[in-house]
Amino acid sequence: MSPKTAQIRLVSSHPEVYEPCDDSFALVDALLADRTNILAHRPRLCLEVGCGSGYVIASLALMLGQELPGVYYFATDINPHALRVTRETLDAHAVDAELMCMDIASGLEKRLAGRVDVMVVNPPYVPTPDYEVGSEGIASAWAGGENGRSVIDRILPVADRLLSDKGWLYMVTLTTNDPSQICLLMRKKGYASRIVVQRSTEEESLHIIKFWRDSDIQLDTKENVTTNKSVPARAMDSLVSQFPQLSFWKGTNSNCL
Amino acid sequence: MRLFTHNMLSSNIKGVANGFPLRIEAEQVLEKQVDFNPDFLRNLFPKLEWKALVDGARALGYAELPEAADSSMLESEEFLRKVHHALLELHLEEGALTCPETGRKFPVNKGIPNMLLHEDEETSLQLPGSLGSHMLVRITGKQ
């Protein structure tokens with residue numbers, strides 16, 4: 001039997017909550033593609049930041065559930081409507097997660113630091129004027145500010161703080177977000193990365209990137225990343241090889257709504 | 001909201017030093033049965049602030065936990081079953097969480113705590129050394 005994911009007909013909705021879309025499906029496909037590794041990884045605490053409709057966290061709980069009992073799932077969103085919808089989606093699938101309304105993970109950062117084994121994020125990545133970032137309601141699901149990076153750049157240090165030594169982060173990015181630069185920034189924090197799923201639709205080119213701590217990466221704490229010269233050639237080669245089509249991809253400003 | 005979640009939550013208001021543990025005011029408590037998983041509890045135990053759990057359980061009407069606990073007690077199934085019940089089966093459905101330092105109340109409705117801060121309560125969003133978009137490494141294109 002193939003592993004279960006959440007069913008669209010059972011996903012609840014609300015006018016102010018982002019519905020599952022290409023990006024959500026790509027993220028769930030990435031988790032499915034890596035499911036065997038996640039099961040072997042035996043995570044105890046999983047966290048989704050920005051759970052929206054609950055499609056992703058419900059899918060994660062379903063695909064790990066039977067074989068990995070006793071996993072504790074957290075999900076946050078800045079939009080209170082989203083958490084109500086997520087609760088309904090979880091109930092409809094008979095799975096459970098602890099839901100909290102907060103900005104990224106602000107109420108968890110002290111006590112949950114270094115404890116999250118799997119973190120999944122479909123961030124608001126659409127380039128918008130900065131004043132739209134953090135708007136109330138559904139706009140918080142997509143408004144990403146300049147290059148769609150305003151919220152992503154706040155999530156990365158939080159992920160670094162929350163992830164356990166063996167923790168993995170799965171994040172959705174758009175070509176316009178400059179994913180290779182995101183990988184380089186995370187590399188400076190000691191993380192290796194790889195693209196688990198990449199998908200181009202008419203509207204956007206998405207890639208789901210997985211990050212994990214790699215002890216082989218030399219932490220460069222003093223030097224700021226300001227020039228190409230500070231990046232070891234080998235790291236550059238490795239990163240460039242992951243993004244072979246990058247120069248051909250077009251970023252767009254549209255989401256699928 | 002379960003008490004394990006309560007054990008992981010703190011108030012993040014600007015100027016608050018610790019913000020933990022949040023004081024629970026319970027208006028409605030639910031109990032939902034969960035499969036007993038001793039390994040899971042043994043794994044969580046070192047992460048717990050025990051006193052916060054004891055006080056939280058009492059606020060939810062469960063006073064069976066001992067005032068102090070250490071890892072040797074994890075051998076006892078009776079003890080583990082109590083921890084299991086307190087941590088995973090009790091739910092704060094309606095009520096509030098109060099910041100121990102400022103007295104600010106965070107409401108809990110339908111089991112979901114609302115930890116959102118007002119603008120004047122937020123700490124500066126730009127952390128030192130944060131991954132700002134001003135950083136200049138670009139490997140796109142072939143210069």
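**Close-up views of a predicted complex**

**Figure 1. Fold of chain A.** Chain A is built from seven helices and seven strands, shown here as they appear in a predicted model. Read from the N terminus, the elements of chain A follow the order α-α-β-α-β-α-β-β-α-β-α-β-β-α. Chain A has 257 residues, of which 51% count as buried. Among the contacts in chain A with a separation of 6 or more, 77% are made by residues 24 or more positions apart.

**Figure 2. The largest nonpolar core, with L27(A) and M119(A).** This core has 107 residues, and L27(A) and M119(A) are the ones that touch the most other members. Helix α3 of chain A, spanning residues 55–65, gives the most to this core, contributing eight residues. In soluble globular proteins, nonpolar side chains tend to be buried together. When residues up to four places away in sequence are set aside, L27(A) touches V56(A), V120(A), N122(A), Y170(A), V172(A) and I208(A).

**Figure 3. Helix α5 of chain A and the elements around it.** Helix α5 of chain A, residues 152–162, is mostly covered, with eight of its 11 residues buried. The buried positions of α5(A) are I152(A), D153(A), R154(A), I155(A), L156(A), V158(A), A159(A) and L162(A). These buried residues of α5(A) pack against three strands of chain A, namely β1 (45–49), β4 (116–121) and β5 (163–174), and also against helix α6 (179–188) of chain A.

**Figure 4. Surroundings of E93(B) in strand β2 of chain B.** E93(B) belongs to strand β2 of chain B, which covers residues 90–98. E93(B) counts as partly exposed because it has 17 C-beta neighbours inside 10 Å, whereas a buried residue would need 20 or more and an exposed one would have 12 or fewer. Leaving out residues up to four places away in sequence, E93(B) touches Q28(B), V29(B), L30(B), K110(B) and G111(B). R2(B) lies 91 residues from E93(B) along the chain, and the C-alpha atoms of the two are separated by 9.0 Å.

**Figure 5. Confidence in chain B and in the complex.** Chain B has a mean pLDDT of 87, and 86% of its residues reach 70 or more. Over residues 125–143 of chain B, however, pLDDT stays under 50, and the model has 34 contacts beyond four places in sequence for these residues. For the complex, the predictor gives an ipTM of 0.85 together with a pTM of 0.86.

Note on methods. Residues numbered from 1 in each chain as written. Chains lettered and ligands numbered in written order. Predicted model: local features only at pLDDT ≥ 70, side-chain atom pairs only at ≥ 80, totals over all residues. Helix = DSSP H or I, 4+ residues; strand = E, 2+ residues; numbered from the N terminus. Contact = placed C-beta atoms within 7 Å. pLDDT = per-residue confidence, 0-100. Core = buried A, V, L, I, M, F, W, Y, C linked by C-beta atoms within 7 Å.
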